[in-house]
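Dear colleague,

I am passing on the structure below, together with notes on what came out of going through it. Please read the notes with the structure open beside them.

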Amino acid sequence: MIRDRALPALRIGGRSVDRRAFLRGGGALAAAGTLAACGVPSAYVAEDKRTGTDKSATEKRVRFSNWALYIDVDEDDAEKHPTLDQFTDQTGISVKYTEEINDNDEFFGKIHPAIQAGKEPGRDLIVISDWMCTRFVGLGWVQNLDKANLPNVQANLAETLRSPGYDPNRDHTVPWASGITGIAYNKKLVGRELRHVSDLWAKDLAGRVTLFSGFMEAVTLLMIGEGADVTAFTEKDVDTVMSRVQKLVDQKHIRSFTGNDYTSGLASGDVLACMAYSGDVLQLQLDNPDIEFVVPEEGAELWSENLMIPNRASHKANAEALMNFYYDPEVAAELAASVQYICPVPAAREILARNEDKEIAELAENELMFPSDETQARLHTMREVGVDESRGWEKTWGGIIGL
């Protein structure tokens with residue numbers, strides 16, 4: 001049975017650090033580059049050195065590290081997570097759940113000493129953003145998944161999420177949740193519809209528009225707005241965006257460059273329009289239905305955050321059991337009703353639709369949780385970007401936005 005959703009205040013006010021702002025954090029790129037530059041033999045771990053002794057059969061536990069406020073919460077006890085309790089009841093496997101991931105860069109630094117040294121990392125399952133998955137998979141820092149242990153994943157994973165560039169066969173990663181980076185605005189205060197990225201540059205919005213401060217995240221939507229193909233963009237496409245943003249900064253059109261703090265300005269009306277994340281806007285709409293999220297007509301960015309098992313983890317089979325559990329449509333529906341990002345299990349939609357609680361049932365028709373085919377056609381995933389390619393762009397971007 002799907003329980004009541006977590007209080008909106010927990011999703012918006014309680015999250016002190018924005019997990020999406022570090023989707024493609026430049027610090028992690030720099031860290032990976034530094035490992036090689038400082039004479040460390042090689043950050044890459046060969047496949048035969050990734051596995052350790054799996055104690056799953058004798059130690060019925062799993063250590064699960066996630067972002068804050070990214071799981072269902074018991075309405076009477078914020079320390080309890082009903083779906084994790086269900087998993088333990090069904091399998092006998094206890095879960096040590098830790099909300100220790102504040103951003104990808106920080107977590108990279110936290111876990112890489114153990115991975116590099118070939119030691120047990122103290123975690124069996126982690127949730128990492130797309131960009132950082134590219135780093136972990138490319139460096140050989142995560143184990144191959146035993147797909148025989150993941151029948152629910154094989155049966156129920158959305159087709160649109162089955163083949164990311166960094167892991168085309170999903171041999172190392174399984175989506176936890178997905179979302180959209182688009183634009184949001186207060187339709188009452190703006191007084192008209194916004195349907196294009198370029199609508200953010202309208203003169204009457206000057207000084208009341210915000211963009212994301214993270215270069216690779218901001219530039220994806222901005223390039224889409226300029227008509228670029230982000231699956232195969234060029235340096236010229238990036239230069240076009242840089243020039244555009246520099247002019248807007250010079251004209252004082254952009255109020256600020258933000259992380260998740262954009263939500264407070266949008267909620268108060270100080271910000272009229274901005275870059276935004278789909279799940280955040282769903283929560284803002286509970287208090288202010290005038291706030292609108294838009295997938296621009298030219299398109300928006302689709303991203304995922306993904307479950308992975310780090311090298312030498314001691315409870316690999318138990319971690320795979322937990323992955324598989326969350327791909328049961330009933331469980332996926334319960335999680336989706338709480339976190340309200342795009343559910344990677346399409347079959348969860350029918351379960352939500354049948355819920356006796358009207359508010360929960362209506363989530364099944366929400367485009368920001370279950371995008372239609374038309375919306376899916378306008379969602380794009382950016383091509384992978386190498387360390388050397390990104391370094392100069394990050395520096396230029398920092399100069400533009402004042403970092």
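Arg 312 sits in the loop between β9 and α12 (316-325), and its phi is near 65°, a positive value in a residue other than glycine. Please keep in mind here, and throughout, that this is a predicted model. Most residues other than glycine have a negative phi. With a relative accessible area of 27%, Arg 312 is partly exposed. A second arginine, Arg 170, also has a positive phi, near 50°, and is found in the loop between α6 (151-156) and β4 (174-186); Arg 170, however, is buried, at a relative accessible area of 7%.

A positive phi is also found at a glycine, since Gly 140, just after α5, takes a value of about 70°. The helix before that glycine is largely enclosed by the rest of the structure, because nine of the 10 residues of α5 are buried. Among the buried residues of α5 are the charged Asp 130 and Arg 135 as well as Trp 131, Met 132 and Phe 136.

Helix α5 (130-139) comes up again at the largest pocket, where α5 and β9 (300-308) are the elements that give two or more residues to the lining. This pocket has a volume of about 340 Å³ and is lined by 21 residues, of which Pro 164, Gly 165, Tyr 166, Thr 381 and Met 382 lie nearest its centre. By class, its lining is made up of nine nonpolar, six polar and six charged residues.

The second largest pocket holds about 280 Å³ of space, and 14 residues line it, with Glu 292, Phe 293, Val 294, Val 295 and Glu 367 lying nearest its centre. Strand β8 (residues 291-294) gives the most to this lining, with four residues, and the lining as a whole divides into six nonpolar, three polar and five charged residues.

Turning to the interior, which residues of the largest nonpolar core touch the most other members? They are Trp 176 and Leu 222, in a core of 124 residues, to which helix α8 (residues 215-225) gives the most, with eight residues. Leaving aside residues up to four places away in sequence, Leu 222 touches Val 197, Trp 201, Leu 211, Val 241, Val 245, Met 275 and Trp 397. In soluble globular proteins, nonpolar side chains tend to be buried together.

The aromatic residues deserve a separate look, as the count comes to 17 aromatic pairs. One of them joins Phe 212 and Tyr 262 edge-to-face, at 5.6 Å centre to centre and with 80° between the planes; because Phe 212 lies in strand β5 (residues 209-212) and Tyr 262 in helix α10 (residues 262-268), this pair ties together parts that are 50 residues apart in sequence. Phe 212 is buried, with a relative accessible area of 1%, and Tyr 262 likewise counts as buried at 1%. Phe 212 also pairs with Tyr 277, and this pair is stacked, because the ring centres are 4.3 Å apart and the planes lie at 10°. Since Tyr 277 belongs to strand β7 (residues 273-277), the stacked pair ties together parts that are 65 residues apart in sequence. Tyr 277 counts as buried, at 0% relative accessibility.

Finally, Trp 176, already named for its contacts in the core, is one of the residues of an aromatic cluster that also takes in Phe 64, Phe 87, Tyr 97, Phe 325 and Tyr 326.

With best wishes

Terms used
Residues numbered from 1 in each chain as written. Heavy atoms only, no water. 1 Å grid on protein atoms, 1.4 Å probe; cavity = no way out; pocket = protein on both sides within 12 Å on 5 of 7 lines; lining within 4 Å. Points joined across faces, edges and corners; volume = space filled by probe spheres on them. Buried < 20%, exposed > 50% of the residue type's maximum accessible area, 1.4 Å probe, protein only. Core = buried A, V, L, I, M, F, W, Y, C linked by side-chain atoms within 4.5 Å. Contact = heavy atoms within 4.5 Å. Phe/Tyr/Trp six-rings, centres within 6.5 Å; stacked < 30°, edge-to-face > 60°.
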